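Work through the exercises below with the sequence and the coordinates open. Each one sets a task and is followed by a solution in steps.

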Amino acid sequence: MKKPFKALPIASMSLLAIATSAIISTTASAAIVPEGTKLASVQELVRGNGAEPASLDPQKVEGTPGSTVTKDLFEGLITQDADGNVIPGQAESWTVSDDNKVFTFKIRDNAKWSNGEPVKASDFVFAFRRAVDPALASRYAWYMEIPTIINATDIVNGKMKPETLGVKALDDKTFQVTLEKPVPYFVKMLAHQTMFPVPEAVVKKFGDDWTRPENIVTNGAFTLKDWVVNEKLVLERNANYWNDKETVIDKVTYLPITSQTAELSRYKAGELDMTNEIPLEHYKSLKKQIPEQIKTTPQLGTYYYAFNLQEKPFDDVRIRQALSYAINRSAITDYILKQGQIPAYTFTPQAVAGFTPPATEYSKLSQKERDQKARDLMKAAGFDKSNPLKLNLLYNTSESHKKVAIAISQMWKPLGVQVTLENQEWKTFLDSRDEGKFQVARAGWIGDYNEPSTMLDLNTTTHGNNDGKYSSKRYDQLMAKSRVVTSDEERAKLYAEAEEILAEDMPIAPVYQYVTSRLVKNHVGGYPLNNVEDNVFTRDLYIKQ
Amino acid sequence: MAVCLPPQGPVTGLEAIPLSSPLHWFKLQVCINREGIHQTVPMFAFTIKRLAVAIPTLFILILLSFFLMQMAPGSPFTGDFNLPPEILANLQAKYHLDKPLWQQFMYYLGDLMQGDLGPSFKYKDYTVNELVAQSLPVSLTIGSVAFIFTVITGVTLGTLAALKQNSWVDYTVMTFSMIGIVLPSFVIAPLMVLIFAVTLQWLPAGGWNDGNWANMILPVSAMAILYMASVARIMRSSMIETLNSNFIRTAKAKGLPQRVIILRHALKPALLPVISYLGPAFVGIITGSVVIETVFGLPGMGQHFVNGALNRDYSLVLGLTIIIGALTILFTAIVDILYGLIDPKIRVGK
């Protein structure tokens with residue numbers, strides 16, 4: 001998945017209840033079964049998982065297939081409820097120091113590993129250190145650098161030992177993290193698997209083999225029973241999980257089916273209760289046949305086209321604006337995608353928590369007006385039908401990207417734009433985009449934590465995924481300022497201003513806001529429809545009769 | 001001094017390998033010794049000769065794959081999130097990718113000598129050896145069953161069609177085999193799933209379940225149909241040609257029953273073109289078809305091969321290339337030996 005780069009937000013007092021306060025919640029991570037629901041006698045669930053996980057080791061996982069499974073197997077200090085709100089996980093409460101840099105977590109007395117051993121603060125210390133240890137070389141080490149955990153960056157760089165990381169076990173059940181700078185959403189970030197604990201003794205005993213079914217020890221609602229690479233992962237209920245009494249599902253099987261059509265066939269044949277995706281070309285017929293089984297959730301992500309500002313004539317803002325205006329976004333969402341995607345006129349999607357993206361000026365115009373403006377701008381920039389702008393549109397090989405690209409190139413035609421479509425295999429495409437070997441490229445960005453900076457930081461000058469090399473001093477300053485302001489309102493204003501700058505400079509053309517669509521059988525209860533980060537915990541689900 | 005002649009070519013030229021092909025250089029050779037007596041080169045010498053060629057062949061294969069793989073754009077660590085340089089450096093150091101290419105190659109060869117194919121770059125909890133150990137048996141099982149099925153049915157159908165030439169039996173077999181040939185497996189396999197799993201719900205649509213027979217029927221059939229169709233067609237034409245040859249006419253004149261003529265005299269020579277066709281196909285069948293494995297969700301080698309290439313999982317792709325390369329060399333040799341055993345013209349001098 002797309003990940004944000006170094007966001008270094010500083011100090012916000014109100015995002016979370018901070019300042020020396022104990023937070024104790026009664027909400028539990030569990031399936032909420034409405035009264036009167038008749039549960040099936042066999043509580044077994046089969047979920048499509050898209051692909052084989054890269055790993056089941058929390059500090060080695062990369063990609064969605066692995067993170068979905070690890071979130072069933074392990075649990076961090078906090079976790080999320082069905083709507084994505086923070087609720088206590090392994091920690092029953094936590095306190096934050098006055099300067100918002102020291103976070104102290106009280107681990108539950110009944111938090112246990114699946115082998116019956118207690119979950120200790122030292123397991124967290126061990127896990128946090130592994131995440132930054134160059135010897136383990138975690139792809140997600142940057143996730144420990146974002147909240148500025150003391151010495152994290154120096155350890156990743158090999159300048160300091162992992163033991164110097166700002167984490168401590170005060171006693172068996174008290175874990176403390178110290179940050180260099182205050183980070184308003186640090187607690188929120190703990191829902192990510194990179195910050196999950198691992199059983200120190202087991203990892204040390206078995207080394208790289210510790211995640212095998214015969215060795216693994218977990219602290220989540222489930223534990224691993226069987227694992228056949230490219231076929232299945234079978235998880236069984238963990239009787240030692242602290243809230244096991246409220247788990248309903250006894251067994252969950254994940255199938256790493258890469259082909260969407262194969263997944264659909266197996267769903268139709270009754271071998272799957274939940275798919276991972278819905279093939280675009282089948283969506284219409286499914287909508288007719290089984291509309292009630294299609295579950296669509298807004299997602300924290302935006303599909304966009306990036307302009308390469310290093311290449312002429314895309315350094316000309318008029319060209320970028322014209323190309324962006326001429327994209328008929330609702331035609332794409334309504335006639336091509338048709339799964340409930342929302343036209344995007346800002347980079348931050350509406351699904352984000354605590355921020356409503358502003359209505360940018362061009363979003364208020366009708367498409368006809370936008371088209372007219374686009375033609376005028378193009379003409380002013382010196383291009384029209386007699387002197388067409390020839391551009392190359394790069395996308396990664398896929399039917400749906402192709403459909404969107406064809407539609408957009410047709411929309412650009414009246415401007416006198418001649419588009420050459422170029423598709424490349426995934427990794428080749430990523431390489432081309434990263435090295436700036438493109439004029440206009442398809443891109444998508446999915447946020448890692450539910451906060452606008454996860455999106456907006458991408459357009460800052462130094463961001464690793466700012467592929468078009470957009471650079472605006474004003475924008476950079478705004479984003480830097482957003483990290484130091486103290487009130488939510490003020491920060492939201494800055495974010496809104498940042499969006500206005502993007503709409504003005506148009507370094508990227510947002511196209512649509514992503515949604516997650518999957519098929520879920522009618523007998524599956526508890527499926528979350530509001531978790532914009534697509535965290536579907538099996539412990540929250542149940543099978544109806 | 002012995003003068004060696006190339007072996008006789010297959011009976012029909014349909015699917016035959018041309019005599020000029022290098023494949024024939026190492027076939028069991030018919031030699032004429034100084035006294036003018038036919039004799040064959042001993043099996044042992046033949047085997048040694050094959051092995052001597054196999055090792056450099058494999059080496060070149062490894063060398064080429066190693067460098068070609070590295071030349072592909074992107075790396076195992078390319079993702080849509082561009083990694084910060086320090087993390088990329090740690091990853092490269094862990095897998096020795098920070099060393100010069102020749103040094104990486106020497107590392108690889110060193111490990112290979114000890115039978116270690118290295119860690120997978122993508123599946124971080126597994127080594128390539130483990131992935132192969134898990135996936136090869138699956139591909140092998142499906143492939144072997146499909147192969148046996150192909151040979152028995154294909155040969156029987158082809159023979160029947162030849163015996164009843166231009167009758168309805170012939171036409172039916174030929175029509176079906178034509179369908180089998182023109183429809184690719186990515187059409188046949190999902191079609192079978194649609195009919196037998198989704199609509200009729202007789203069989204599972206996918207999965208392996210430790211080789212449960214119900215899970216094997218559809219993939220094995222989908223795989224076999226393609227080869228079966230070709231085998232039936234080759235068998236038919238080769239059988240027709242054999243039945244028209246002089247020695248069969250002699251057998252008929254001697255009044256031998258048809259069953260004996262077919263089974264004892266016609267079958268063996270008629271099988272030669274089938275063997276030339278199936279020999280090279282065999283390794284492909286047993287090392288897994290990516291289409292079949294993807295459609296049926298089978299944990300075989302085919303999926304690893306394609307995903308490995310897409311993920312730039314250098315060690316996985318190299319490991320599989322070596323295994324498939326070695327198997328190809330091995331089975332080409334076995335086919336050559338079989339060829340010698342089955343072709344009476346080659347066994348002169350005994």
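**Exercise 1. Characterise one ionic pair between the chains, then the count and the elements around it.**

Step 1. A:Glu62 pairs with B:Lys124 in a salt bridge, with 3.6 Å between the closest N and O atoms. The criterion is a side-chain nitrogen of Lys or Arg within 4 Å of a carboxyl oxygen of Asp or Glu.

Step 2. Between chain A and chain B the count is 3 salt bridges.

Step 3. The elements giving two or more residues to the side of chain A that touches chain B are α3 (142-145), β8 (222-228), α7 (260-268) and α14 (426-434) of chain A. Here helices (H or I, at least four residues) and strands (E, at least two) are DSSP runs, numbered from the N terminus. The largest share, 7 residues, comes from α14(A).

Step 4. By type, the residues on this side of chain A are 21 nonpolar, 11 polar and 23 charged. Ala, Val, Leu, Ile, Met, Phe, Trp, Tyr, Cys and Pro are classed as nonpolar, Asp, Glu, Lys and Arg as charged, and the others, Gly among them, as polar.

Conventions: this is a predicted model, in which local features need pLDDT of at least 70 and side-chain atom pairs count only at pLDDT 80 or more, while totals for chains, interfaces and linings use all residues. Residues are numbered from 1 along each chain as its sequence is written, chains are lettered from A in the order in which they are written, and side-chain values use heavy atoms, with hydrogens and water left out.

**Exercise 2. Quantify the interface of chain A and chain B.**

Step 1. Count residues in contact (heavy atoms within 4.5 Å). Chain A has 55 residues in contact with 47 residues of chain B.

Step 2. Take the buried area, meaning the accessible area (1.4 Å probe) that two parts lose on being put together, summed over both. The value is about 4,300 Å², and carbon and sulfur atoms give 50% of this. A:Arg139, A:Asn230 and A:Lys427 supply 17% of the area that chain A buries against chain B, more than any other three residues.

Step 3. Count polar contacts: pairs of N or O atoms within 3.5 Å, where within protein one must be able to donate a hydrogen and the other to accept it, and residues adjacent in sequence count only if both atoms are side-chain atoms. The rule finds 25 residue pairs across the interface, both residues being at pLDDT 80 or more.

**Exercise 3. Which scores describe confidence in the model and in chain B?**

Step 1. The model scores are ipTM 0.83 and pTM 0.86.

Step 2. pLDDT is the predictor's confidence in each residue, from 0 to 100. Its mean in chain B is 82, and 83% of the residues of chain B reach 70 or more.

Step 3. Within chain B, strand β1 (residues 3-5) has the lowest confidence, with a mean of 41, and helix α4 (residues 128-163) the highest, at 93. Residues 1-39 of chain B have pLDDT below 50, and this stretch has 80 contacts in the model beyond near neighbours in sequence.

**Exercise 4. Describe the surroundings of B:Ser135 and of A:Asn535.**

Step 1. B:Ser135 sits in helix α4 of chain B. Its relative accessibility is 1%, so B:Ser135 counts as buried; the scale is buried under 20% relative accessible area, exposed over 50% and partly exposed in between (1.4 Å probe, protein chains only).

Step 2. A polar atom of the B:Ser135 side chain lies 2.8 Å from the backbone oxygen of B:Leu131. Not counting residues up to four places away in sequence, B:Ser135 touches B:Pro299, B:Gly300, B:Met301 and B:His304.

Step 3. A:Asn535 is in the loop between β17 (524-525) and β18 (542-543) of chain A, and is buried at a relative accessible area of 9%. Its side chain makes a polar contact of 2.7 Å with the side chain of A:Gln80. Leaving aside neighbours within four places in sequence, A:Asn535 contacts A:Lys71, A:Gln80 and A:Pro528.

**Exercise 5. Find backbone exceptions.**

Step 1. Most residues other than glycine have a negative phi, and most peptide bonds are trans.

Step 2. The peptide bond from A:Lys312 to A:Pro313 is cis, with omega near 0°. A:Pro313 lies in the loop between β11 (294-307) and α9 (317-325) of chain A.

Step 3. A:Asn151, not a glycine, has a positive phi of about 70°. A:Asn151 is in the loop between α3 and α4 (152-156) of chain A.

Step 4. B:Asn166 has a positive phi near 65°, and lies in the loop between α4 and α5 (168-182) of chain B.
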